[in-house]
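Let's take a walk through this one together, beginning with a single helix and zooming out from there. Keep the viewer open as you read.

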Amino acid sequence: MATTHTLGFPRIGAQRELKFALESYWSGNCNREQLLQTGSRIRQQNWAQQHQAGQPRVSVNDFALYDQVLDHSCLLGVIPARFQDGSSDAFDTAFRMARGRAPSGTAVRACEMTKWFDTNYHYLVPELEPQQRFTLAPDKLLAEIAEARACGFDVKPVLIGPVTYLWLAKTAGDFDRLQLLPALLQAYAELFAILAREGVEWLQLDEPILVQELEPVWLGALETAYQALSGSGLKLLLTTYFGNLGDNLSLALSLPVQGLHLDAVRGGAEYRRVLAELRDDQVLSLGIVDGRNIWKTDLSARLKELQPVSDQLGARLWLSSSCSLQHVPVDLGQETALDAELKGWMAYAVQKLAELQLLGTALNGGQVTAALADNALALAGRRSSTRVHQDSVKQRCLQLSLKDGERGLAYDERAPRQRERLQLPAFPTTTIGSFPQTPAIRQTRAGFRRGELSEADYVARMQAEIADCIERQEACGLDMLVHGEAERNDMVEYFGELLQGYAVSRNGWVQSYGSRCVKPPVIYGDVYRDAAMTVQWSRYAQSLTTKPVKGMLTGPVTMLQWAFVRDDQSRQQTCLQVALALRDEVCELEAAGIAAIQIDEPAIREGLPLKRSEWQHYLDWAVYAFRVSACGVAPQTQIHTHMCYSEFNGIIEAIAAMDADVITIETSRSNMMLLDAFIDFEYPSEIGPGVYDIHSPNVPEVAQMEALMRKAAERIPAERLWVNPDCGLKTRGWDEVGPSLENMVAAAKRLRADG
Ligand code: GLN
Ligand code: ZN
């Protein structure tokens, strides 16, 4: 009898209740009790849903008020010294670690955040010291176990595995964090003893690092860890996801655990290799419903594939989603913006539980014919829909050649033509695109969306915002202007609303970090552009000034990376379609007289595959897609790109291959260290190293920015340097932005004065 279970469920609540409760607690508008009650309501709802879907055990400890890695650090007592000043209790200390402040306790530098593997979820990086002690604080875990039991549910707690935890951590100073493994295992062993005493039967231990290529020391650590942790009396489900195990599979099979979970979506049919080797007392959990995407599962195909596995394993076969469902939105039933046909193709977390239930029932001989027929109908509809397939788009992709990714002239020959056309001073100043999104701007957009504002009124108000923005930039003395992006709620959703083949949901929220959620658009069909998207705004902005105004687009890789993508064609294929749509926009901007066009690609790095051996293939098609979007223009049109992260290791060659005329990057916090990668590689074209840290409310001083630029100019020829902020200014206020940009321009003037 196949069993179903949940690796993890979204914790933000179907209406983002947790977000609102957290923000209200932080701002002093609700008390701790109220926040805890919201958390408890969400947990109990999640458990009830798992129970109703026929799961014998509910998932416990997948809930976190802020982040599950942060909770794990707190469970192990990994709390850096700077938070232990006695100014807050454990509850607020966790929030101080997460965000630097809490209703109680002193303000302090928060822990670093970084992306959870290749997802858009950010976790708080554990900080380990050479003499790190691990002291268990299992109250939260035990309380949640008790809470679930009090609701009448059997439990399966979830924990991050010891080796993945170490791997995710960073260390203060230069020591090998693997040295801490014995002490860490001691803490895990104590915890396991407590859980065993509590009568816990199964424990899920997540070790997603197993899908990466690991050095022998890390493989050895896994072996040591699981040997040491066997014999606690708990049954361990070693859980992997986000890919196949490849060379690590035999190690995983050799570990003394009672169950193994494999991602059978991104890991494909690798599980078949396991069937022969699984020990008689071991469970195989298969992730057959996609935890990273919103499409319905092909239930008939999955059943056909699972039947022989079920015949062989019987009750030792468990079914689940490929990974935690925290990466998909909560409930499609709450979705109001999508039409019935599109909704009919989709499944959010709640619907995925129902799919699992159906598969389990079918394998156990239950009656599911009608439900399977419904599923097959929906899938057949999607496969053949004219909304999905556009022959002209497919044809255009097929006809793409290498030439479509080439500018015609090399940078060295383009640059003098661009200089001639743009007439910019040395150290030209510019910004990254967005300007403060004032309450008035937000209200105008919301009013238009609700139909309270006519199209003409909306355009007039947006034009007034653009005019104001241009005027302010001229007053600051900037050299290359932007229109300010007032019409955009979000750099991806804006284009998602305008491009064909994209749909935008109303409630498809996914946690990004803490109380922050994102709403990725859904790419459901062949992508094309049926009308200009930005040209009217850019043209209007340019009509107001003699200075050049930069066109502003989101690049094809970022448009792909920050969306839910099709699962019926490769990411590469989808990306090329987006690139072609953007190429049309780029050419139309050029025809409208726009002399410089920026194509943002902040997500290019995070698209890197988890396995290093797959990097090159990804970079090849990602760079080509960017080039396709950019290369339709004449040599005298200047192409900019922008990226904001602090690591270019291993990808600088690919960044150069994008062949942009100008790249603006984030550097101010790293004190220009980041530039080293560009210098070592002899990056060939122009660079704008960010000198104004837009994440801080502080107004940067002239001397400070001047010093940063001088540092850059020591190593990069001055004629290839631009002066600009780290990123867009939409989260800042005009009171900070105005003086900051004035200072930035003053710094550029001082640099020029030196000749
Ligand atoms: N042009 C965008 C802006 O300025 C870029 C945002 C980003 O890099 N994330 O807001
Ligand atoms: Zn940026």
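**Starting from one helix**

The buried residues of helix α8 are Ala221, Leu222, Ala225, Tyr226 and Leu229. Look down the axis of α8 and these buried residues fall within an arc of 115°, so they line one face of the helix. The spacing fits a familiar pattern. An α-helix has 3.6 residues a turn, so residues three or four places apart point the same way. Keep in mind that what you're viewing is a predicted model.

What covers that buried face? Among the elements packed over the buried residues of α8 are α6 (162-168), α7 (181-197) and α9 (249-254). Swing round to the other side of α8 and you'll find Pro216, Val217 and Gln227, which are exposed. To count as exposed here, a residue has 12 or fewer other C-beta atoms within 10 Å of its own, while a buried one has 20 or more.

The length of α8 makes a nice sanity check. This helix covers residues 216-229, and at 1.5 Å a residue its 14 residues should span 20 Å; the end C-alpha atoms are 20 Å apart, so expectation and model agree. After α8 comes Gly231, with a positive phi near 85°.

Now jump along the chain to a sheet. Six strands make up an open sheet with parallel pairing, and their order is β17-β18-β19-β20-β21-β22. At the edges stand β17 (550-554) and β22 (724-725), each with a single partner strand, so one side of each has no neighbour in the sheet.

Further in, you can look at one pairing in detail. Strand β20 (residues 662-665) pairs with strand β21 (residues 686-692) in the parallel sense, over four bridges. Here Thr664 is the residue standing opposite Gly688 in β21. A helix lies against this sheet as well: α22 (residues 571-591) lies across β17 and β18 (596-600), and runs at about 175° to β17.

Time to zoom out. The protein holds 27 helices and 22 strands. Its C-alpha atoms fill a box of roughly 75 × 60 × 50 Å along the principal axes. How does that square with a compact globule? For 755 residues such a globule would have a radius of gyration near 27 Å, and the protein has 27 Å, so the two agree. Of those 755 residues, 49% count as buried. As for the contacts with a separation of 6 or more, 76% are between residues 24 or more positions apart.

Terms used: Residues are numbered from 1 along each chain as its sequence is written. Chains are lettered from A and ligands numbered from 1 in the order in which they are written. This is a predicted model: local features need pLDDT of at least 70, side-chain atom pairs count only at pLDDT 80 or more; totals for chains, interfaces and linings use all residues. Two strands pair if DSSP finds at least two bridges between them. Helices (H or I, at least four residues) and strands (E, at least two) are DSSP runs, numbered from the N terminus. Two residues are in contact if their C-beta atoms, placed from the backbone, lie within 7 Å. Axes are lines fitted to C-alpha atoms, for helices over the stretch in contact, and angles run from 0 to 180 degrees between N-to-C directions. The expected span of a helix is 1.5 Å times one less than its number of residues. The arc is that of the directions from the helix axis to the C-beta atoms. The radius of gyration is taken over C-alpha atoms; the globule rule is 2.2 Å times the number of residues to the power 0.38.
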